[in-house]
Amino acid sequence: MRPRFDRNAHRSRPAERRGPVIAINYGYNNSMDVSTAEAKNRLPELIRAVEQGELVVITRHGRPVAQLGPAPAARRKPVLGGMKGRIRLLPGWDDPITEEELLGEDS
């Protein structure tokens with residue numbers, strides 16, 4: 001049987017060794033690892049955590065398989081005619097070309 005991780009082990013440490021644990025709680029490590037079964041059962045709670053800026057890593061057998069993070073920033077809408085006047089086509093740009101010109105073969 002595998003030993004279980006003791007989530008309260010840091011509480012039994014001496015006061016001088018609690019520093020990093022406090023740093024983790026105050027935002028230096030804002031991600032949480034969650035098993036797939038736990039993620040399935042706690043999805044609304046995990047989404048709320050992501051909304052508050054936390055990163056959620058979903059694991060299967062201890063290995064990361066997915067990540068929940070904030071949604072991408074709002075996309076800007078395309079503007080038709082935005083390049084008008086910036087692109088200039090030379091006369092004859094659409095003239096037909098021979099096969100040799102297409103392939104770059106020299107005569």
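Tutor: Let's start with vocabulary: helices are DSSP runs of H or I with at least four residues, strands are runs of E with at least two, and both are numbered from the N terminus. This is a predicted model, so keep that in mind throughout.

Student: Fine. Which pattern does the chain follow along the sequence?

Tutor: Going along the sequence, you get α-β-α-α-β-β-α. That makes four helices and three strands in the chain.

Student: How should I read the confidence, and where in the chain is it lowest and highest?

Tutor: Here's the general idea: where pLDDT is low, the predicted coordinates should not be read in detail. In this chain, the low end is helix α1 (residues 19-28), with a mean of 47, while β3 has the highest confidence, at 94. Residues 18-27 have a pLDDT below 50, and this stretch makes seven contacts in the model beyond near neighbours in sequence. For the chain, the average pLDDT is 78, with 71% of the residues scoring at least 70.

Student: Let's go to α3, then. Which of its residues are buried?

Tutor: Buried means under 20% relative accessible area. In α3, which spans residues 43-51, Leu46, Ala49 and Val50 are buried. They sit on the same side of α3, because their arc around the axis is only 100°. On the face turned away from that buried side you'll find the exposed residues Pro44 and Glu51.

Student: What do the buried residues of α3 pack against?

Tutor: Their packing partners are β1 (31-35), α2 (36-41), β2 (55-60) and β3 (63-68). Just past the helix, Gly53 follows α3 and has a positive phi, near 100°.

Student: Which residues make up the largest nonpolar core?

Tutor: To look for one, you join buried nonpolar residues through side-chain atoms within 4.5 Å. The largest set in this model has six residues: Val34, Ala39, Leu46, Val50, Val56 and Ile58. At least two residues of this core come from α3, and at least two from β2. Take Ala39 as a worked case: apart from neighbours within four places in sequence, Ala39 contacts Val34, Leu46 and Ile58. For scale, buried residues account for 9% of the 107 residues in the chain.

Student: Now the strands. Do β1 and β2 run parallel or antiparallel, and how many bridges join them?

Tutor: β1 and β2 run parallel, with five bridges between them. One pair to click on is Asp33 with its bridge partner Val57 in β2. On to the other pairing: β2 and β3 run antiparallel, and five bridges join them too. There, Ile58 stands opposite Ala66 in β3.

Student: And Thr59, is that residue buried or exposed?

Tutor: General idea first: in a regular strand the side chains alternate between the two faces of the sheet. Thr59 belongs to strand β2. Its relative accessibility is 11%, so Thr59 counts as buried. Setting aside neighbours within four places in sequence, its contacts are Asp33, Val34, Ser35, Thr36, Pro64 and Val65.

Student: What about the hairpin of β2 and β3: which residue there takes a positive phi?

Tutor: Most residues other than glycine have a negative phi. In this hairpin, with two residues between the strands, His61 has a positive phi near 55°. His61 gets there although it is not a glycine. The residue lies in the loop between β2 and β3. With 80% relative accessibility, His61 counts as exposed.

Student: Last topic, charges. How many salt bridges does a search of the whole structure find?

Tutor: The cut-off to apply is a side-chain nitrogen of Lys or Arg within 4 Å of a carboxyl oxygen of Asp or Glu. By that test the whole structure has two salt bridges. In one, Arg42 pairs with Glu38, with the closest N and O atoms 2.3 Å apart. In the other, Arg42 meets Glu45 at 2.9 Å, N to O. Through shared partners, Glu38, Arg42 and Glu45 end up in one network.

Student: How accessible is Arg42?

Tutor: Arg42 counts as partly exposed because its relative accessibility is 24%. Glu38 is partly exposed as well, with a relative accessible area of 28%. Glu45, at 41%, is likewise partly exposed.

How values were computed
Residues are numbered from 1 along each chain as its sequence is written. Side-chain values use heavy atoms; hydrogens and water are left out. Buried means under 20% relative accessible area, exposed over 50%, partly exposed in between (1.4 Å probe, protein chains only). The arc is that of the directions from the helix axis to the C-beta atoms. Contact means heavy atoms within 4.5 Å. pLDDT is the predictor's confidence in each residue, from 0 to 100. Two strands pair if DSSP finds at least two bridges between them.
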